[in-house]
Amino acid sequence: MTKLPAADLQLPLFAYSQRESLTEKRAWIALQEHHQYSARHFRLERLFAADPRRGETLIAEAAGIYLDYSKNLVTTETMTLLMQLARQCGLQDRVEAMFRGDRINATEQRAVLHTALRKPASERLVVEGEDVIAQVQDVLARMEVFAEQVRSGAWTGHTGRPIRHVVNIGIGGSDLGPMMAHEALRHYSQRDLSLHFLSDVDAAALLETVRGLPAEETLFIVCSKTFTTLETMTNAQAARQWLVQQLGDEAAVVRHFVGVTTNIEEASRFGIDERNMFGFWDWVGGRYSMSSAIGLSTMIAIGPQHFRDMLAGMHAMDEHFRTAPLEQNLPAILGMLTVWYGNFFDARSQAVLPYSQYLKRLPAYLQQLTMESNGKQVTLHGEPVDYQTSPVYWGDNGINGQHSFYQMLHQGTQMVPCDFIGFCQPAQALEQQQELLMANMFAQAEALAFGKTVQRVREEGTPEELVPHRVFPGNRPSNSMLIEQLTPYSLGSLIALYEHSVFTQGVIWNIDSFDQWGVELGKQLAKRTARELIDHGQPLHHDSSTNALIRRYRACQGG
Ligand code: F6P
């Protein structure tokens, strides 16, 4: 990519940045007053009592997702003010700029076009002279041919055996999306193919993964946007060595390794045949890449048609985000509620609670999506923000959470807004288990919102000394997302919903949601430190804590 001269770099930064500080905007000031004089005194039981239809009106629906946001500490006035803030921050212009392919990732001078990955083949999107949809469809078509070959057994390994085990080697966005989607869509997967995900550079990860795998039936997909990520390259080299050792022939690599990358040169150097490489583009951020060729393992598992269905679900949510009025716009509502709690109620975290075994990796996936995107401390201008940005996203399968951390959600001292996600139809049914599962989700949201008063606890005959322990304060906000069934389509729309919620938050905070400079320092230091751990003769010039830790490590190693 041509590098722009430094002076020109200024332009896009300012083009998308808000000149007026967020905290000086009229809607922000109005929200502060609204919080100070009304909202901080809101009680959900009173809001529900005052409006018997609240649970039917504070809802929005799109692309198969029904969002009930009535159990939030908001009134219609709050929502109006939040959407005024979104408008004053130029949300809709920024949405258009993203979809158009403007270089809204200003610090890296890149367009942000993951939405182009899921546009129908019939559309065109010309960005800087090139139709990106045609490029996307070319890669998709090549992926489909390859995926079908692997699924049918037509793609054989070096010894002529069909592939039955697929190992995705990648980290961050080159791992979390495919891993989460594999878990989520297991029901749709071809069961005689096993999928594995190798990300950690801890040798145990690789050794435990390949243990028992027949090399002649194993395919490695090396996923790395840059093809320079140390962990991925180290694992890819070690996997290559294992394969060559097992099959006794260097020539085996070409049938057992394929690459997904924007860096063809490096992937060729590794020994991957260019015909077995699947490209993507610098306008796809790592954490936004599961709908690109990074999803190759997903496509192999669930098949091309289901992969296309997932893209269709994403596209449906993309279009909803682009066109729906903010008041009915799911990502805008979700994003603005996060702003509301973080910036006005000082909530520091957000829990994601899927009531689905298949979505157990969703919280891990969302942690990168949300926190790598919005964990920023300066505006697009480079000025320090004077407000909180990304909350900590965390969570787990809801039912398991109920038996561990929900105690804190109900009676702890912090406000933790929760996203409940559940399905009407199970992918697989056992008598009444779905009812039991969903009854828990509805019950938890109800308990968080309305709690249990001292009076009710007493009425139950609780001994007086236990009364304070058994009171539930309630008034704890949550969203409930109800989806007909977990399918490739609904997974796609759910992921796109969170992507655009993150985008909405980033626009309000006036930050670059698409760079990740914060990961660099640790990487640099680790390189130097690795040399010191290998060569015990290297002098140490760290702080006294790091020096002492390294000396102790060296001593344990016997050096
Ligand atoms: O270090 C962070 C990061 O750059 C993520 O943003 C990215 O998803 C991950 O590393 C992997 O990068 P790559 O796909 O280039 O190997």
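Visitor: Why is Q328 called partly exposed?

Guide: In this predicted model, Q328 has a relative accessible area of 47%. Buried requires under 20% and exposed requires over 50%, so Q328, at 47%, counts as partly exposed.

Visitor: Where is Q328 placed, and which residues does Q328 touch?

Guide: Q328 is in the loop between α14 (304-323) and α15. Not counting residues up to four places away in sequence, Q328 touches A60, H320 and I333. The C-alpha atoms of Q328 and Y365 are 26 Å apart in space, with the two positions 37 residues apart in sequence.

Visitor: How do you know that the span of helix α15 agrees with expectation?

Guide: Helix α15 covers residues 330-344, which is 15 residues. The expected span is 1.5 Å times one less than the number of residues; for α15 that gives 21 Å, and its end C-alpha atoms are 21 Å apart, so the two values agree.

Visitor: What makes α15 largely enclosed by the rest of the structure?

Guide: The count of buried residues decides this: 15 of the 15 residues of α15 are buried, and therefore the helix is largely enclosed.

Visitor: Which residue with a positive phi follows α15, and why is that residue called partly exposed?

Guide: The residue is D346, whose phi is positive, near 60°. D346 is a residue other than glycine, and is found in the loop between α15 and β10 (349-354). Its relative accessibility is 46%; since partly exposed lies between the 20% and 50% limits, D346 counts as partly exposed.

Visitor: Why is E128 called exposed?

Guide: E128 has a relative accessible area of 58%. The limit for exposed is over 50%, so E128 is exposed. E128 lies in the loop between β3 (126-127) and β4 (130-131), and has a positive phi of about 45° although it is not a glycine.

Visitor: What makes α22 largely enclosed, and how does its reach stand against the expected value?

Guide: Of the 22 residues of α22, 21 are buried, so the helix is largely enclosed by the rest of the structure. From its first C-alpha to its last, α22 reaches 32 Å, close to the 32 Å expected at 1.5 Å a residue. Just after α22, N510 takes a positive phi of about 60°.

Visitor: Why is H500 called buried?

Guide: The relative accessible area of H500 is 0%. Buried means under 20%, so H500 is buried. H500 lies in helix α22 (residues 488-509). Leaving out residues up to four places away in sequence, H500 touches M98, H114, T115, R118, M317, D318, F321 and P331.

Visitor: Is K376 buried or exposed, and what places K376 in that class?

Guide: K376 has a relative accessible area of 14%. That value is under the 20% limit, so K376 is buried. K376 is found in the loop between α16 (362-374) and β11 (392-395).

Visitor: What makes the pair K376 and D512 a polar contact?

Guide: A polar atom of the K376 side chain lies 2.7 Å from the backbone oxygen of D512. A polar contact needs a pair of N or O atoms within 3.5 Å, and the 2.7 Å separation satisfies that distance limit. D512 is also among the residues that K376 touches, not counting those up to four places away in sequence; the others include R287, V385 and T389.

Visitor: Why is T23 called partly exposed?

Guide: T23 has a relative accessible area of 23%. Buried requires under 20% and exposed over 50%, so T23 is partly exposed. T23 is found in the loop between α1 (6-15) and α2 (26-37).

Visitor: Which residues are in contact with T23?

Guide: Leaving aside neighbours within four places in sequence, T23 is in contact with W28, I29, D386 and Y387. A polar contact of 3.1 Å also joins the side chains of T23 and S21. The C-alpha atoms of T23 and W509 are separated by 9.8 Å, although these residues are 486 residues apart along the chain.

Visitor: Which polar atoms of the protein face oxygen atoms of the ligand, and how much of the ligand is buried?

Guide: A ligand oxygen atom is 2.7 Å from a polar backbone atom of K225. Side-chain N or O atoms are found 2.8 Å from a ligand oxygen atom in E372 and 3.0 Å from a ligand oxygen atom in K523. Taken alone the ligand exposes 390 Å², of which the protein buries 87%.

Conventions. Residues numbered from 1 in each chain as written. Predicted model: local features only at pLDDT ≥ 70, side-chain atom pairs only at ≥ 80, totals over all residues. Heavy atoms only, no water. Helix = DSSP H or I, 4+ residues; strand = E, 2+ residues; numbered from the N terminus. Buried < 20%, exposed > 50% of the residue type's maximum accessible area, 1.4 Å probe, protein only. Polar contact = N/O pair within 3.5 Å; in protein donor to acceptor, adjacent residues only side chain to side chain. Areas by Shrake-Rupley, 256 points an atom, 1.4 Å probe, with all protein chains shown as cover. Contact = heavy atoms within 4.5 Å.
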